[in-house]
Amino acid sequence: MMELVFMFLPVIALVIISLVMSPKWKQCEKIDTGIELCYWKLSYRRKFIRTLWMIPLSIITIIGFHISFLSNIGTCLIAVIFSIMLLIQAVYNYKKWKKGD
């Protein structure tokens, strides 16, 4: 059980950092062309496209996790968490893109 806590510690840290930094990036101009590394500067269309690109990367991560730890329960848990996060993010960005925000 302790291994799962240490495994999710970086994810929790990233969520906290993103919540703290989110208000700062709301005021910046959104970029819809060219290369932009900062997620918050992207338009909702570009955020949606980046979310779709994360699907193959998450599949590779899940396979790598399974090969490394050989844990069916852990692999299923990671797969469900990634699927839910990507689905929510994709639906949210798509709706905001089509709404025109």
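Let me start with Ile55, which counts as partly exposed because its relative accessibility is 40%. That value falls between the 20% and 50% limits that separate buried from exposed residues. Please keep in mind that we are looking at a predicted model. Ile55 sits in helix α2, which covers residues 44-69. What does Ile55 form on the surface together with Leu52, Ile59, Ile63 and Ile67? These five residues make a nonpolar surface patch, with an area of about 460 Å².

I now turn to Thr51, another residue of helix α2. Is Thr51 buried or exposed? Its relative accessibility is 2%, and therefore Thr51 counts as buried. As for its polar side-chain atoms, one of them lies 2.8 Å from the backbone oxygen of Lys47. Beyond its neighbours within four places in sequence, Thr51 is in contact with Tyr39, Leu86, Gln89, Ala90 and Asn93. Three of these partners, Leu86, Ala90 and Asn93, are themselves among the buried residues of helix α3.

That brings us to helix α3 itself. The buried residues of α3 also include Gly74, Thr75 and Ile78. How does the span of this helix agree with expectation? Helix α3 runs over residues 72-99 and has 28 residues; at 1.5 Å a residue it should span 40 Å, and its end C-alpha atoms are indeed 40 Å apart, so the two values agree. The expected figure is taken as 1.5 Å times one less than the number of residues.

Both ends of α3 deserve a remark. At its start, a side-chain oxygen of Ser71 comes to within 3.0 Å of the backbone nitrogen of Gly74. Gly74 is also one of the buried residues of this helix. Just after the helix, Gly100 adopts a positive phi of about 95°.

Finally, let me place these details in the protein as a whole. The protein contains three helices and zero strands, and along the sequence the pattern reads α-α-α. Of its 101 residues, 20% are buried; Thr51, at 2% relative accessibility, counts as buried. The protein exposes about 7900 Å², and carbon and sulfur atoms supply 75% of that area. What share of the contacts between residues at least 6 apart in sequence join residues at least 24 apart? The share is 39%.

To close, I return to helix α2: the helix holds Ile55, which contributes to the nonpolar patch, and also Thr51, whose contacts include Leu86 and Ala90.

Technical notes. Residues numbered from 1 in each chain as written. Predicted model: local features only at pLDDT ≥ 70, side-chain atom pairs only at ≥ 80, totals over all residues. Heavy atoms only, no water. Patch = residues over 30% accessible without salt bridge, like charges linked within 9 Å, V, L, I, M, F, W, Y side chains within 5 Å. Areas by Shrake-Rupley, 256 points an atom, 1.4 Å probe, with all protein chains shown as cover. Salt bridge = Lys/Arg side-chain N within 4 Å of Asp/Glu carboxyl O. Helix = DSSP H or I, 4+ residues; strand = E, 2+ residues; numbered from the N terminus. Buried < 20%, exposed > 50% of the residue type's maximum accessible area, 1.4 Å probe, protein only. Polar contact = N/O pair within 3.5 Å; in protein donor to acceptor, adjacent residues only side chain to side chain. Contact = heavy atoms within 4.5 Å.
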